[in-house]
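Here's a friendly walk through a protein chain for anyone meeting it for the first time. Have a look at the sequence and the structure, then read on.

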Amino acid sequence: MTQMNITGKKEMMRVAIIANSKYQSRRIAAKLFAILKDDPDFYLSKKNPHVVISIGGDGMLLSAFHKYERELSHVRFVGVHTGHLGFYTDYRDFEIDELIENLRKDTGEKVSYPILKVKITLDNGREIKSLALNEATVKRIEKTMVADVIINHVKFERFRGDGISVSTPTGSTAYNKSLGGAVLHPTIEALQLTEISSLNNRVFRTLGSSVIVPKKDKIEVIPKRLGSYTISVDNSTLHCKNVAKIEYCINSEKISFVATPSHTSFWERVKDAFIGDLDS
Ligand code: NAD
């Protein structure tokens, strides 16, 4: 529970608690708050926390990530799920006492996963930069999206269809999977480009399958038509006019989670979420 400061002295663990608006999440947040506020090992603070406890589901963890995305070098996250076990949540709502005990024994160990860096350049030169924990998608709503896809400076294909998704390894089980993309173990440092309803016929041709690019490679999408594009980054959406280019690469900093002794393996989570009990 104690953190070392630069002088080597131990300091209290600064904890931020954030929860979604569901009754059960607010109840768990209130319980945690009541326990930690009088505990000499912990200091509750939304500012500059060592650990962010997100209470809700994967969506809440995405929001917690974006709230603290500028503090990734020193923040670790813990997810408490108030529904089924999620992909970013290690604890269920009835395991709060276990969570507190594990934080008390914490020695600063972490599990870190790659995140995506996105840069959108508009026709007027304006740049919008963002980080994604799951994925970034670009879609053209009114008409077919036509865009050149460039992978590591190779003009790879001219895409025609609804849009393109670029996901992180941990995001591979989210929207990417619904689009037919592969599930990637989060220790693999790679990005996955997945098509959203591509047009494929005798005239128009794309690869058709998703593409997994390694850490050092950059993906660029260059829309070929003026107009409105809808760009989503995790759980937020932007509507941009006249997008000149979108660049994607793996961010230099990762997201870190508090290493949990009873951490559910990635494959167990995938099985639990998508396959279920084999004996039923
Ligand atoms: P939400 O809360 O409705 O989340 C949608 C579902 O995605 C939830 O069941 C959530 O548990 C699950 N999810 C989120 N991250 C996941 C992950 N990494 N692996 C497996 N499942 C995951 O909506 P939201 O809070 O706005 O979440 C945004 C996310 O929803 C986006 O990042 C995107 O991945 C996902 N999404 C999925 C689809 C789809 O599958 N067709 C469409 C839009 C968005």
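## The chain as a whole

Take the contacts in the protein chain between residues at least 6 apart in sequence: 69% of them join residues at least 24 apart. Keep in mind that what you're looking at is a predicted model. The protein chain holds five helices and 20 strands. Its radius of gyration is 21 Å, close to the 19 Å that the globule rule gives for 280 residues, so the chain is as compact as a globular protein of that length.

If you boxed up the C-alpha atoms along the principal axes, you'd need roughly 65 × 50 × 35 Å. Of the 280 residues, 49% are buried. On the outside, the protein chain exposes about 13900 Å², and carbon and sulfur atoms supply 52% of that.

## Two buried residues in helices H1 and H2

Let's start with serine 25, which has its place in helix H1 (residues 23–37). Is serine 25 buried or exposed? With a relative accessibility of 0%, serine 25 counts as buried. So what does serine 25 touch, leaving aside its neighbours within four places in sequence? Its contacts are Ala19, Asn20, Ile55, Gly56 and Thr82.

Next comes methionine 60, in helix H2 (residues 58–67). Methionine 60 is buried too, because its relative accessible area is 14% and the cut-off for buried is under 20%. Again skipping neighbours within four places in sequence, methionine 60 is in contact with Ile18, Ala19, Asn20, Ser54 and Ile55. Ala19, Asn20 and Ile55 therefore turn up in the contacts of methionine 60 and also in those of serine 25, with serine 25 being buried at 0% relative accessibility. For a sense of distance, the C-alpha atoms of methionine 60 and leucine 131 are separated by 16 Å, and the two residues are 71 apart along the chain.

## Rings that meet

How many aromatic pairs does a search of the whole structure find? It turns up five. In one of them, the rings of phenylalanine 77 and phenylalanine 257 have centres 6.4 Å apart and planes at 55°, so the pair is tilted. Phenylalanine 77 belongs to strand S6 (residues 76–81) and phenylalanine 257 to strand S20 (residues 255–258), so this pair ties together parts that are 180 residues apart in sequence. Both phenylalanine 77 and phenylalanine 257 are buried.

Another tilted pair is made by phenylalanine 87 and phenylalanine 274, whose ring centres are 5.9 Å apart and whose planes are at 35°. This pair links distant parts of the chain as well: phenylalanine 87 is in the loop between S6 and strand S7 (91–92), while phenylalanine 274 is in helix H5, 187 residues apart. Phenylalanine 274 is partly exposed, with a relative accessible area of 35%. There's company on its ring, too: the charged end of lysine 177 sits over it, 4.3 Å from the ring centre.

Back to phenylalanine 77 for a moment. Together, Phe77, Tyr88, Tyr113 and Phe257 form one aromatic cluster.

## The two sides of helix H5

Helix H5 covers residues 266–275, and among its residues Phe266, Arg269 and Val270 are buried. Why do these three belong together? They cover an arc of only 100° around the axis, which puts them on the same side of H5. Over on the other side of H5, Glu268 and Ile275 are exposed. Right after H5 comes glycine 276, whose phi is positive, near 85°.

## Two loop residues with positive phi

Most residues other than glycine have a negative phi. Asparagine 152 has a positive one, near 50°. You'll find asparagine 152 in the loop between strand S12 (145–151) and strand S13 (154–167). Its relative accessibility is 28%, which counts as partly exposed.

Aspartate 234 also isn't a glycine, and its phi is positive, near 50°. It has its place in the loop between strand S17 (228–233) and strand S18 (236–241). Is aspartate 234 buried or exposed? Aspartate 234 is buried, with a relative accessible area of 11%.

Note on methods
Residues numbered from 1 in each chain as written. Predicted model: local features only at pLDDT ≥ 70, side-chain atom pairs only at ≥ 80, totals over all residues. Heavy atoms only, no water. Buried < 20%, exposed > 50% of the residue type's maximum accessible area, 1.4 Å probe, protein only. Helix = DSSP H or I, 4+ residues; strand = E, 2+ residues; numbered from the N terminus. Arc of directions from axis to C-beta. Contact = heavy atoms within 4.5 Å. Phe/Tyr/Trp six-rings, centres within 6.5 Å; stacked < 30°, edge-to-face > 60°. Lys NZ or Arg CZ within 6 Å of the ring centre and 35° of its normal. Rg over C-alpha atoms; globule rule 2.2 N^0.38 Å. Areas by Shrake-Rupley, 256 points an atom, 1.4 Å probe, with all protein chains shown as cover.
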